[in-house]
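Visitor: Before we begin, I would like to hear the reasoning behind each label you use. Please show the structure first.

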Amino acid sequence: MDTSEKKTNVPRKIKIIVNGKEVEVDDGLTILLALLKEQIYCPHLCYDVKRLLRTGNCCKCLVELNDEEGVHDVRACETPVKEGMVICTDSPRLEAWRKGAKTVGKTI
């Protein structure tokens with residue numbers, strides 16, 4: 001087999017926008033894993049990084065996703081990244097929600 005026929009295990013890179021900045025991440029990851037791999041802070045409690053397990057119960061990893069349906073909240077530990085996603089991890093509303101403050105807004 002010549003080198004042109006060898007398969008590579010290099011994941012395909014896709015572009016997403018996180019907190020207003022374009023970032024290239026590996027395709028096939030959840031938002032949380034992609035952010036952590038790029039050293040972008042996203043709080044999380046129930047996700048076990050070493051065992052790659054999640055329960056989705058704590059909702060600390062909630063992020064705002066802006067897509068064709070508008071802005072809505074998604075769990076970063078459960079949502080796969082897609083080309084062109086626009087994600088906000090640190091809006092004042094999310095920060096207040098994480099601190100337990102009551103806020104008005106659409107949540108899961």
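Guide: This is a predicted model. In it, strand β3 (residues 62-67) and strand β4 (residues 70-75) are paired in the antiparallel sense, over 6 bridges.

Visitor: What makes β3 and β4 a pair?

Guide: Pairing needs at least two bridges between the strands. β3 and β4 have 6 bridges, so by the cut-off of at least two they count as paired. Across this pairing, Asn66 stands opposite Val71 in β4. The two strands form a hairpin, with 2 residues between them.

Visitor: What else is in the protein besides this hairpin, and in which pattern?

Guide: The protein has 2 helices and 5 strands. Along the sequence the pattern reads β-β-α-β-β-β-α. Of its 108 residues, 32% count as buried. The protein exposes about 7300 Å², and carbon and sulfur atoms supply 52% of that area.

Visitor: How many disulfides are there?

Guide: A search of the whole structure gives 0 disulfides.

Visitor: Why is there no bond from Cys42 to the closest cysteine sulfur?

Guide: That closest sulfur is in Cys61, 5.6 Å from the sulfur of Cys42. A disulfide needs the two sulfur atoms within 2.5 Å, so 5.6 Å is too far for a bond.

Visitor: Why is Cys61 not bonded to Cys77?

Guide: The sulfur of Cys77 is the closest cysteine sulfur to that of Cys61, at 3.8 Å. Against the cut-off of 2.5 Å, this too is too far, so there is no bond.

Visitor: Are Cys42 and Cys61 buried or exposed?

Guide: Buried means under 20% relative accessible area. Cys42 has 1%, so Cys42 is buried. Cys61 has 2% and therefore counts as buried.

Visitor: Why is Val63 called buried?

Guide: The relative accessible area of Val63 is 0%, which is under 20%, so the label is buried. Val63 is found in strand β3. Leaving aside neighbours within four places in sequence, Val63 is in contact with a set of residues that includes Ile31, Cys42, Val74, Ile87, Leu94 and Arg98. Cys42 is 21 residues from Val63 in sequence, and their C-alpha atoms are 8.3 Å apart.

Visitor: Glu64 is in β3 as well. Why is Glu64 called buried?

Guide: Glu64 has a relative accessible area of 14%, under the 20% limit, so Glu64 is buried.

Visitor: What does the side chain of Glu64 make polar contacts with?

Guide: The Glu64 side chain makes a polar contact of 2.9 Å with the side chain of Ser91. The side chains of Glu64 and Arg93 are also joined by a polar contact, of 2.9 Å. The limit for such a pair of N or O atoms is within 3.5 Å, so the 2.9 Å to Ser91 satisfies the distance part of the label. Beyond four places in sequence, the contacts of Glu64 include Val71, His72, Val86, Cys88 and Leu94.

Visitor: Which residues touch the most other members of the largest nonpolar core?

Guide: Ile16, Ile31 and Val81 do, in a core of 20 residues. β1 (13-18), β2 (21-26), α1 (31-37) and β3 each supply at least two residues of this core. α1 gives the most, with 4 residues. Val81 is in contact with residues including Ile14, Ile16, Val25, Ile31 and Ala34, when neighbours within four places are left aside.

Visitor: Thr30 lies in the loop between β2 and α1. Is Thr30 buried or exposed?

Guide: At 14% relative accessible area, Thr30 is under 20% and so counts as buried. Its side chain reaches the backbone nitrogen of Leu33 at 3.1 Å. Not counting residues up to four places away in sequence, Thr30 touches Ala76, Cys77, Thr79, Pro80 and Val81.

Visitor: Which labels do Asn19 and Gln39 receive, and why?

Guide: Asn19 has 31% relative accessible area, which falls between 20% and 50%, so Asn19 is partly exposed. Gln39 has 75%, over 50%, so Gln39 is exposed. Asn19 is in the loop between β1 and β2, and has a positive phi of about 50 degrees although it is not a glycine. Gln39 lies in the loop between α1 and β3, with a positive phi near 60 degrees.

Notes. Residues numbered from 1 in each chain as written. Predicted model: local features only at pLDDT ≥ 70, side-chain atom pairs only at ≥ 80, totals over all residues. Heavy atoms only, no water. Buried < 20%, exposed > 50% of the residue type's maximum accessible area, 1.4 Å probe, protein only. Areas by Shrake-Rupley, 256 points an atom, 1.4 Å probe, with all protein chains shown as cover. Core = buried A, V, L, I, M, F, W, Y, C linked by side-chain atoms within 4.5 Å. Contact = heavy atoms within 4.5 Å. Polar contact = N/O pair within 3.5 Å; in protein donor to acceptor, adjacent residues only side chain to side chain.
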